[in-house]
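Dear colleague,

I am passing on the structure we spoke about, with the sequence alongside, and my notes on what was found follow directly below it. Please read them with the coordinates open.

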Amino acid sequence: MSTNKRIAWIVIAFCLAVAASPVSLFCISSGVLRLPCSTGSMSSPMGSCEGFADSAQAKSTSDRPCPMPNPCTAVGDPRETFRGPRGTEEERLSGQRRIYRKNLLEHPMRAAIYTTIVSNPGIDLAAISQMVVMNRQTLRYHLDLLESFHKITVMRERGTTRYFENSGRYGAIEQRLLLHIRSPTAGTILALIRSNPGITQSMIAAQIECSAPTVRWHMHRLLDDGIVTAEHRGRNTLYRLTDDGSAAMHQVAATPCTVT
């Protein structure tokens with residue numbers, strides 16, 4: 001065999017040995033030739049380095065501390081501020097609207113309470129609670145709101161609290177008259193005095209079939225409130241409505257109860 005052929009076979013054998021070998025002395029890892037690059041549009045001259053960039057970014061992200069939740073971040077429904085029942089302090093209640101005079105009666109139960117008071121001037125707490133079917137603690141809260149926004153007026157005397165609408169319809173004398181009218185006995189007495197000016201106490205007791213002390217007790221209250229007047233003639237006392245009492249009786253009888 002000639003020298004050239006021998007050299008050619010040696011070269012071919014060497015190349016086959018190198019190709020078959022698991023480790024190549026002349027093989028350079030592709031990772032060594034890769035240059036770091038950003039995740040943007042720039043790429044390595046040796047080819048795409050997207051995989052390298054992704055792994056580097058993932059490693060840098062994993063090395064960062066996990067962000068802690070901010071305890072001051074507001075969570076849930078907003079909490080709105082509105083004034084308390086009598087406007088003395090501000091309270092915070094979740095989910096409540098700010099209460100104004102214009103939306104005061106948009107609450108269905110508060111509107112029912114107000115309607116009951118308008119339809120029954122001089123009504124007391126127990127009667128309202130029974131008519132609107134509400135416990136007294138909740139009822140007092142709504143009544144305080146209605147009073148603080150001047151929708152109703154409250155008369156407290158002789159240990160009794162009575163409620164009226166506050167539209168200027170009823171003055172002091174009318175309010176006192178309405179308190180008496182709400183009592184069946186006092187209302188009957190007032191009707192008798194109005195239709196029979198100068199009637200005596202004994203005549204009233206006989207007509208309403210009531211004891212003289214009971215009639216006397218009601219007459220003292222009517223006199224103290226300036227609704228009736230007493231005229232003494234001998235042994236008899238004649239009772240009549242005062243001018244203010246007569247005007248109040250006429251106004252109460254002529255004014256319809258409507259919601260304003």
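Helix α7, which spans residues 172–181, lies across β4 and β5, and its direction runs at about 65 degrees to β4. Please bear in mind that this is a predicted model.

The two strands that α7 crosses belong to an open sheet of three strands, in which the order is β3-β5-β4 and the pairing is antiparallel. The edge strands, each of which pairs on one side only, are β3 (123–124) and β4 (152–157). Between β4 and β5 (residues 160–165), which run antiparallel, there are six bridges, and Val154 stands opposite Tyr163 in β5. Helix α6 (residues 136–148) also packs on the sheet, where it touches β4 and β5, and its direction makes about 110 degrees with that of β4. As general background, the strands of a sheet pair through backbone hydrogen bonds, either parallel or antiparallel.

Further along the chain, helix α9 (residues 201–208) packs with helix α10 (residues 212–224) at an angle of about 120 degrees, their axes being 9 Å apart, and the crossing of these two helices is right-handed. On the α9 side the contact is formed by Gln201, Ile204, Ala205 and Ile208, which meet Ala212, Val215, Arg216 and Met219 in α10. Sorted by class, the residues in this contact are six nonpolar, one polar and one charged.

With best regards

How values were computed: Residues numbered from 1 in each chain as written. Predicted model: local features only at pLDDT ≥ 70, side-chain atom pairs only at ≥ 80, totals over all residues. Heavy atoms only, no water. Axes fitted to C-alpha atoms, helices over the stretch in contact; angles between N-to-C directions. Helix = DSSP H or I, 4+ residues; strand = E, 2+ residues; numbered from the N terminus. Left-handed = near helix turned anticlockwise from the far one by under 90°. Contact = heavy atoms within 4.5 Å. Nonpolar A, V, L, I, M, F, W, Y, C, P; charged D, E, K, R; others polar. Pairing = 2+ DSSP bridges.
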